[in-house]
Amino acid sequence: MTQTGNKTRRLAILTVIAAAALYAADPTSQKSSLQTRKTGPVNATKENWTAAVESNAARMFADGKSIFRFDTFGDEVFWTDTLKLHQAIEGEKFGGVGGGVSPKTALAVGLKVDAEALPAAVVEGIKAGKVNLDDPATTLTLIKLNAVLGVKGSFNTDGSLRSLGLSCAVCHSTVDDSFAPGIGRRLDGWPNRDLNAGAIIALSPGLPAISKLLGVDDATTRKVLASWGPGKFDAELNLDGKAFRPDGKPAATLIPPAYGMAGVNMHTWTGGWGTVTYWNAYVANLELQGQGTFFDRRLMNAEQYPVAARNSFGNKRSRVDMVTSKLGALHFYQLALPTPNPPEGSFDKSKAERGEMLFNGKAQCSTCHVPPLFTEPGWNTHPPADIGIDDFQANRSPERTYRTAPLRGLWAHQKGGFYHDGRFATFLDVVNHYNNFKQLGLTEEEKNALVEYLKSL
């Protein structure tokens, strides 16, 4: 390309980025309702009770959606001040470190882009190849637009990142890839099984803070983070410091879906942690490291949770609580997330009907996976011996059990496999495990019918 052509291309890229920046700077253009959210109580009296209930439901849903998507709970103190992740993302050009993170790199580590947050100028620029997806400056523009799911940035006047925080959506939302791989409409509640959280955290210049927390050197911390891979995260590492299983495999578990939780008791892979709203408080305070209040005396048990006990995670009290007031609306929104219907033609309907009879009969699946919740109503946990697997992950939980996972929407999170650590790669692997463990005597035809039923849920 000629020098004139290069100049023209650079000018086009800068024009698109400038247009996007102006769009982001206009508060009337923001997709988020955070700035207009009502904070006062609903006017609920005996005289207007029904109207108040309906008004409250609408308000909590809207607030919860904004919190889920955009609220960082003040975790910038951790991701910016402590880990300095913003410096790695912006790169030396904007006052950070290294080469920065380009959109191609961001997509490669599983971050997702909300196409509906992009102004027309950016969309057309991407389609025309006029937006440089190898330039970290483009990543900063996308963050400024609130287009990178779960990533929230504040900017200085020179375009550099002042602070960076993360929200629930970084792990528990993805996109439908309708624009391009990794770019599309939001799918709240769907697990991001492409997200390589370990690789992202490892970029942080402030990584020694994590090493200090765990009581290991930086090389060990990097080894642990590299072991996770896409779609996995170790939510107990900051409690017990157990980075690897006895067999040497990573202790990280699959990122679970956040949809379909209405009526379900235990929210996580293992038992005793609590319901959805417990886990929201746990993640906001102890994983995202937001500013809030969190209490769980079980984390003061130094024998089971030495890291948590040493750092007083069982009784966290931030000076300003930016979490507790948001738990109600966040819970409300999450309970409204339905399970996705399987795509038309993705399973054999006649075999699925036969599989349903087996599920409720010979295969004994419904004994624990009780329809229509497909988990037990009530206390839905079991000791490892009940399901025929090792007890490593169960023993990291307060109750030392595994949760009976709800089965609806399984088709939507097959990537990475099944069970907490993805040990069973396919539906058929799961069926074969129970057929052998419980000596069910299923024929190959019956196994295949069960698989089709599981795909239909």
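What share of the contacts in the protein chain with a separation of 6 or more comes from residues 24 or more positions apart? The figure is 66%. I begin with that value, and I shall return to individual contacts of this kind later. Please keep in mind throughout that the model before us is predicted.

Let me first describe the chain as a whole. The protein chain contains 19 helices and twelve strands. Its radius of gyration is 23 Å, close to the 23 Å that the globule rule gives for 457 residues, and the chain is therefore as compact as a globular protein of that length. Along the principal axes, the C-alpha atoms fill a box of roughly 75 × 65 × 50 Å.

Next, the surface and the interior. Of the 457 residues in the protein chain, 52% are buried. The area that the chain exposes is about 20900 Å², and carbon and sulfur atoms supply 55% of it. As for charge, there are 49 positive and 45 negative side chains. The centres of these two sets lie 4 Å apart.

I turn now to the nonpolar interior. In soluble globular proteins, nonpolar side chains tend to be buried together. Which residues touch the most other members of the largest nonpolar core? They are Leu 111, Leu 118 and Leu 299, in a core of 75 residues. Helix 13, residues 276-287, gives this core its largest share, namely six residues. Apart from this core lies another, of 24 residues, which includes Ile 387, Leu 450, Tyr 453 and Leu 457.

Leu 118 deserves a closer look. If we leave aside its neighbours within four places in sequence, Leu 118 is in contact with Val 113, Val 123, Ile 126, Leu 142, Leu 145 and Ala 147.

Let us move to the loop between strand 12, residues 402-403, and helix 18, residues 427-437, where Asp 421 is placed. Is Asp 421 buried or exposed? Its relative accessible area is 8%, so Asp 421 is buried. Beyond its neighbours within four places in sequence, Asp 421 is in contact with Lys 232, Arg 245, Ala 252 and Leu 254. Along the chain, Asp 421 and Ala 405 are 16 residues apart, and their C-alpha atoms are separated by 13 Å.

Tyr 419 is found in the loop between strand 12 and helix 18. Although Tyr 419 is not a glycine, it has a positive phi of about 75 degrees. With a relative accessible area of 17%, Tyr 419 counts as buried, because the cut-off for that word is under 20%.

His 413 also belongs to the loop between strand 12 and helix 18. This residue is buried, with a relative accessible area of 8%. Which residues does His 413 contact, leaving aside neighbours within four places in sequence? The list is Pro 191, Arg 193, Pro 257, Tyr 259 and Phe 418.

Tyr 259 appears again when we consider Trp 190. Trp 190 lies in the loop between strand 6, residues 186-188, and helix 9, residues 197-202. Not counting neighbours within four places in sequence, its contacts include Tyr 259, Pro 340, Trp 411 and Ala 412. Another of its contacts is Ser 173. Trp 190 and Ser 173 are 17 residues apart in sequence, yet 4.9 Å apart in space, C-alpha to C-alpha.

The loop between helix 16, residues 349-359, and strand 11, residues 381-382, holds Pro 372. The peptide bond from Pro 371 to Pro 372 is cis, with omega near 0 degrees. Gln 364 lies in the loop between helix 16 and strand 11, and has a positive phi of about 65 degrees although it is not a glycine. Its relative accessibility is 42%, so Gln 364 counts as partly exposed.

My last residue is Met 300, in the loop between strand 9, residues 293-295, and helix 14, residues 306-310. At 43% relative accessibility, Met 300 counts as partly exposed. Residues up to four places away in sequence aside, Met 300 touches Phe 295, Ala 309, Gly 314 and Asn 315. Between Met 300 and Asn 311, eleven residues apart in sequence, the distance from C-alpha to C-alpha is 9.2 Å.

To close, I return to the opening figure: residues 24 or more positions apart account for 66% of the contacts with a separation of 6 or more. Thank you for your attention.

Terms used:
Residues numbered from 1 in each chain as written. Predicted model: local features only at pLDDT ≥ 70, side-chain atom pairs only at ≥ 80, totals over all residues. Heavy atoms only, no water. Helix = DSSP H or I, 4+ residues; strand = E, 2+ residues; numbered from the N terminus. Rg over C-alpha atoms; globule rule 2.2 N^0.38 Å. Buried < 20%, exposed > 50% of the residue type's maximum accessible area, 1.4 Å probe, protein only. Contact = heavy atoms within 4.5 Å. Areas by Shrake-Rupley, 256 points an atom, 1.4 Å probe, with all protein chains shown as cover. Lys, Arg positive; Asp, Glu negative; His and termini not counted. Charge placed at Lys NZ, Arg CZ, Asp CG, Glu CD. Core = buried A, V, L, I, M, F, W, Y, C linked by side-chain atoms within 4.5 Å.
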